[in-house]
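Notebook open, structure loaded. I want to go through the empty spaces first and then the strands around them.

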Amino acid sequence: MRRRTLLAGALLSAAASPVLAAGTARAADPGPAVTRRTTTLLDAQAVFFVSYDGLVNNNSFQKNGLLTYKGYQYATWYTATRNAVVARRVLGGTTWSTVTLAHQLKSSDSHNVISMGVSKTDGRLHLNMDSHSDGFFYVKSVAGLLDNPATTSWTSSRFGAVQTTLDGLALTSQFTYPQFVSTPEGRLQLSYRVAISGNGRNALAEYDGSTWQNLGEWSSSTGTYTSEHGSSTARNMYLHGIDYDVNGRLHSFFTWREQNGAVMCSGGGITNHDTGYVYSDDRGRTWRNNAGAVVGVTGGSDKVAVTDSGLVVDPLNPDHSLMNQESQATDSGGRPHAIISYVPGRFGQCTTDYVNDRTANGRAFHLRKNTSGSWQKTEIPVVLGSSQRTKLILDKYDNAYAIFPFGRIAGASKASGYTDWKILFDGSGLNAFGEVVIDEMRVKADNTLSFMYQEKSSGTTPSALRVIDFTLPA
């Protein structure tokens with residue numbers, strides 16, 4: 001293992017605007033804007049219980065609970081009777097058609113989300129659901145279901161049996177955080193965590209249109225991390241996401257969570273520290289740090305570890321309640337962007353109550369790699385008012401949008417170097433509980449910001465689950 005170091009270089013100011021050739025003129029690209037369009041009802045009585053400060057139908061780390069493909073939008077959730085369902089509508093439509101799957105949520109754990117993926121090589125919809133450091137449940141549709149939706153019936157017969165393997169491929173008995181991502185060639189990859197919080201590893205599996213293959217683990221849980229308070233010898237890497245850019249590079253931001261609370265200033269905090277970044281140019285087989293050095297091989301003996309150099313792009317010790325699994329995106333130039341959030345030092349150097357301190361003083365930051373290759377961070381001037389996560393999207397002009405808990409939306413323009421963040425929608429009238437689930441694919445499909453949210457309730461009283469659409473600059 002290599003000694004842990006931080007990236008050199010200070011955060012830079014905004015990049016300059018592109019220079020046009022002499023004698024040419026171009027209208028300025030529009031800045032960020034949202035126009036509220038429609039709200040549709042998925043379920044008047046979706047299951048509701050609060051665990052880990054979140055809801056099982058609206059944990060923003062699920063990828064994807066809402067997605068668009070070939071003119072249709074798909075959503076998945078659990079009903080009041082705990083049945084897993086999947087629904088679709090034509091883009092622009094207001095009516096959802098629902099299929100009930102042969103599975104019921106097994107426990108009141110908000111981590112047991114449902115995630116969807118599309119294998120473009122055979123037009124199947126895949127769902128992985130209901131796991132938190134234990135076994136998962138998997139369903140896939142018949143081939144071609146998503147290729148010709150207008151002429152293909154939407155019934156339970158279009159989905160196969162519920163499995164506890166990937167078509168016979170058993171991954172691990174301690175499975176959590178499924179995230180599907182399509183490769184540029186149309187294969188489908190499944191990112192997941194092996195083992196438990198504070199002592200787990202990230203891994204990948206891949207579907208080629210006929211067979212699932214386990215590519216193996218690529219992050220390590222071993223090595224010694226030492227803070228000013230103490231040391232820890234076990235941890236897990238929490239991903240902010242896993243995304244291919246326009247050039248086929250696979251990006252992932254992450255935070256580390258230590259197993260040993262001795263690294264914190266207070267037992268009421270959380271052991272997350274540092275924002276790291278890795279990328280892969282060979283479909284997740286080999287991982288490189290920001291400088292391009294190989295730091296891990298999927299399925300190999302050398303995995304990405306806390307002791308590796310060049311991983312940290314924004315250093316932060318475990319005393320500020322840094323959020324794990326926040327959000328990331330890539331722009332039209334293939335540059336990575338992320339949202340991170342924590343309690344800034346101006347509010348003190350030791351959080352003692354993770355939820356209350358984040359709610360009172362937490363702030364989100366936009367972290368990105370600029371055109372010079374350096375990292376730039378901008379605080380978004382919005383009080384979180386929540387312990388929960390914020391989502392990030394970029395529009396066709398690379399303007400950035402942060403979707404906060406309760407459905408609030410802030411935006412910043414590329415032209416300003418992302419320094420002009422302001423509220424675009426304050427969430428009025430939504431009565432949203434907290435985190436929202438974003439349709440990442442719809443932004444590219446028809447310039448629409450579409451997200452799923454669940455209304456506030458109490459105890460275990462079911463509540464309405466809805467999808468709201470906003471038009472982005474055309």
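Before listing who lines what, I note that helices (H or I, at least four residues) and strands (E, at least two) are DSSP runs, numbered from the N terminus. I also keep in mind that this is a predicted model.

**Entry: the largest pocket**

I looked up its volume first: the largest pocket holds about 910 Å³ of space. Its lining runs to 35 residues, and those nearest the centre are Asp243, Tyr244, Glu440, Met441 and Lys444. Which elements supply at least two residues of this lining each? I got S2, strand S6 (114–119), strand S9 (175–182), strand S16 (243–244), strand S22 (327–330), strand S26 (391–394) and helix H2 (440–446). H2 gives the largest share, with 5 residues. Sorted by class, the pocket lining comes out as 16 nonpolar, 9 polar and 10 charged residues.

**Entry: the cavities**

Next I went after the closed spaces. Rolling a probe the size of a water molecule over the atoms shows where empty space is left. With a floor of 30 Å³, I count 3 cavities.

The largest cavity has a volume of about 110 Å³. I find 17 residues lining this cavity, with Gln179, His240, Gly241, Lys391 and Glu440 nearest its centre. S22 and S26 each put at least two residues into that lining. Both strands had already turned up in my pocket list. The class split for the largest cavity is 4 nonpolar, 8 polar and 5 charged.

The second largest cavity comes to about 70 Å³. Its lining includes Tyr177, Gln179, Ser191, Arg193, Asn202 and Met237. S9, strand S10 (188–196) and strand S15 (235–239) each contribute at least two lining residues here. By class I have 5 nonpolar, 4 polar and 1 charged.

**Entry: strand S17**

Is S17 enclosed by the rest of the structure or open? I checked burial along residues 250–258: 9 of the 9 are buried, so S17 is largely enclosed by the rest of the structure. Leu250, Ser252, Phe254, Trp256 and Glu258 point one way, while His251, Phe253, Thr255 and Arg257 point the other way, and all are buried.

Then I traced the strands that pair with S17. S15 pairs with S17 in the antiparallel sense over 5 bridges, and Met237 has Trp256 as its bridge partner. That same Met237 is on my list for the second largest cavity. S16 also runs antiparallel to S17, joined by 2 bridges, and here Asp243 is partnered by His251. Asp243 came up earlier among the residues nearest the pocket centre. S16 and S17 make a hairpin with 5 residues between them, and Gly248 in the turn has a positive phi of about 90°. Strand S18 (residues 272–280) pairs with S17 in the antiparallel sense over 8 bridges, with Ser252 opposite Val278.

**Entry: the open sheet**

I moved on to a four-strand sheet. It is open, ordered S2-S3-S4-S5, with antiparallel pairing. At the edges sit strand S2 (66–69) and strand S5 (97–104), each pairing on one side only. I noted an average twist of 20° from one strand to the next. Inside the sheet, S3 (residues 72–78) and S4 (residues 83–90) pair over 7 bridges, and Tyr74 is bridged to Arg88 in S4.

**Entry: His366**

Last lookup: His366 sits in strand S24 (residues 363–369). His366 counts as buried because its relative accessibility is 1%, and the cut-off is under 20%. Its side chain makes a polar contact of 2.9 Å with the side chain of His337.

Technical notes: Residues numbered from 1 in each chain as written. Predicted model: local features only at pLDDT ≥ 70, side-chain atom pairs only at ≥ 80, totals over all residues. Heavy atoms only, no water. Pairing = 2+ DSSP bridges. Axes fitted to C-alpha atoms, helices over the stretch in contact; angles between N-to-C directions. 1 Å grid on protein atoms, 1.4 Å probe; cavity = no way out; pocket = protein on both sides within 12 Å on 5 of 7 lines; lining within 4 Å. Points joined across faces, edges and corners; volume = space filled by probe spheres on them. Nonpolar A, V, L, I, M, F, W, Y, C, P; charged D, E, K, R; others polar. Buried < 20%, exposed > 50% of the residue type's maximum accessible area, 1.4 Å probe, protein only. Polar contact = N/O pair within 3.5 Å; in protein donor to acceptor, adjacent residues only side chain to side chain.
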